[in-house]
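This briefing covers side-chain packing and charge pairing in one model. The salt bridges are taken up ahead of the nonpolar cores.

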Amino acid sequence: MTVHIGAKKGDFAETVLMPGDPYRAKWAAETFLSDARLVNDVRGMLGYTGTWNGHRVSIQGSGMGMPSLSIYANELIRDFDAQTLIRIGSCGGMQPEVKVRDVIIAMTATSVTTPSSTMFKDVNFAPTADWTLLRNAVAAAEAQGIRPHVGGIYSSDTFYDERPDLNEQMVRHGVLGVEMEAAELYTVAARHKRRALAVLTVSDHLQTGEALPSEDRERSFGEMVEIALAAAFA
Ligand code: HPA
């Protein structure tokens, strides 16, 4: 039992998938896990534990943005012994070759700040994915017939951004997509020597304005869950 997670020690698996949306956690647990049971519903931030191919796995919502994700990642690591944390979420596409519905596997995550920034003082820490998870996820995607984009993403603090010049610099520097959580997940995991990765579906595109129709979201989200599960247990 922690401030934000009303579960007992042992209720969570060592491997935790983290969608931003708690209802996505519910859907993914009911769709992909056997014997899924609800282990957390504090503040409606649903978390489930079940099994996938005989492996124990949890799916816990992170909420939107790095401050919210940071709370759940810290408590899962410190109090529930999470070893592998994989964000499964959506992002905005930033490069012309990155299309809506495509999958991005994030090697690194740039940010202006994260909740961890102040401890680095004048150092720009480079949040980086776990290499083994990243390699496994690329292989799992390719085995599903999906060609993922692999590279850097931008973890923004604002969805309604009043500084489009920041996005312009990201685009210029080859950043593939923008979301709001991965940089802090990678930083917290590094601090505690845990494995982290973000697997993302492109839900909208900053340059073309195209957006994924709601009826396509579930299928695209399902591909991501399968990649994350296969990567965790490869
Ligand atoms: N910006 C930030 N986060 C996002 C976006 C976006 O355009 N799309 C999906 N998550």
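At 3% relative accessibility, Arg87 falls under the 20% cut-off and therefore counts as buried in this predicted model. Salt bridges with shared partners join Arg87, Glu179 and Glu181 into one network. A search of the whole structure finds five salt bridges; three of these pairs are described below, followed by the cores.

**Network around Arg87**

- The side chains of Arg87 and Glu179 meet in a salt bridge, with an N to O distance of 2.7 Å.
- This pair links distant parts of the chain, since Glu179 is in strand S8 (residues 177–179) and Arg87 in strand S5 (residues 84–93), 92 residues apart.
- Glu179 and Arg87 are both buried.
- Arg87 also forms a salt bridge with Glu181, where the closest N and O atoms are 2.9 Å apart.
- Arg87 lies in strand S5 and Glu181 in the loop between S8 and helix H5 (182–191), so this salt bridge ties together parts that are 94 residues apart in sequence.
- Glu181 has a relative accessible area of 5%, which means that Glu181 is buried under the 20% cut-off.

**Salt bridge between Arg37 and Asp11**

- Arg37 pairs with Asp11 in a salt bridge, the closest N and O atoms being 3.1 Å apart.
- Here too the pair links distant parts of the chain: Arg37 is in strand S2 (residues 34–40), and Asp11 is in the segment before strand S1 (15–18), 26 residues apart.
- Arg37 is partly exposed, at 42% relative accessible area, whereas Asp11 counts as buried at 8%.
- Side chains of opposite charge can pair when their charged atoms come close.

**Nonpolar cores**

- In soluble globular proteins, nonpolar side chains tend to be buried together.
- The largest nonpolar core in the model holds 68 residues, and Leu17 and Leu197 have the most contacts inside it.
- Helix H6 (residues 214–233) gives the most to this core, contributing eight residues.
- Leaving aside residues up to four places away in sequence, Leu17 touches Val57, Ser58, Ile59, Gln60, Ile86, Ile88, Val225, Ala228 and Leu229.
- A second core, separate from the largest one, has five residues, among them Tyr154, Met170, Val175 and Val178.

Notes. Residues are numbered from 1 along each chain as its sequence is written. This is a predicted model: local features need pLDDT of at least 70, side-chain atom pairs count only at pLDDT 80 or more; totals for chains, interfaces and linings use all residues. Side-chain values use heavy atoms; hydrogens and water are left out. A nonpolar core is a set of buried Ala, Val, Leu, Ile, Met, Phe, Trp, Tyr and Cys residues joined through side-chain atoms within 4.5 Å. Buried means under 20% relative accessible area, exposed over 50%, partly exposed in between (1.4 Å probe, protein chains only). Helices (H or I, at least four residues) and strands (E, at least two) are DSSP runs, numbered from the N terminus. Contact means heavy atoms within 4.5 Å. A salt bridge is a side-chain nitrogen of Lys or Arg within 4 Å of a carboxyl oxygen of Asp or Glu.
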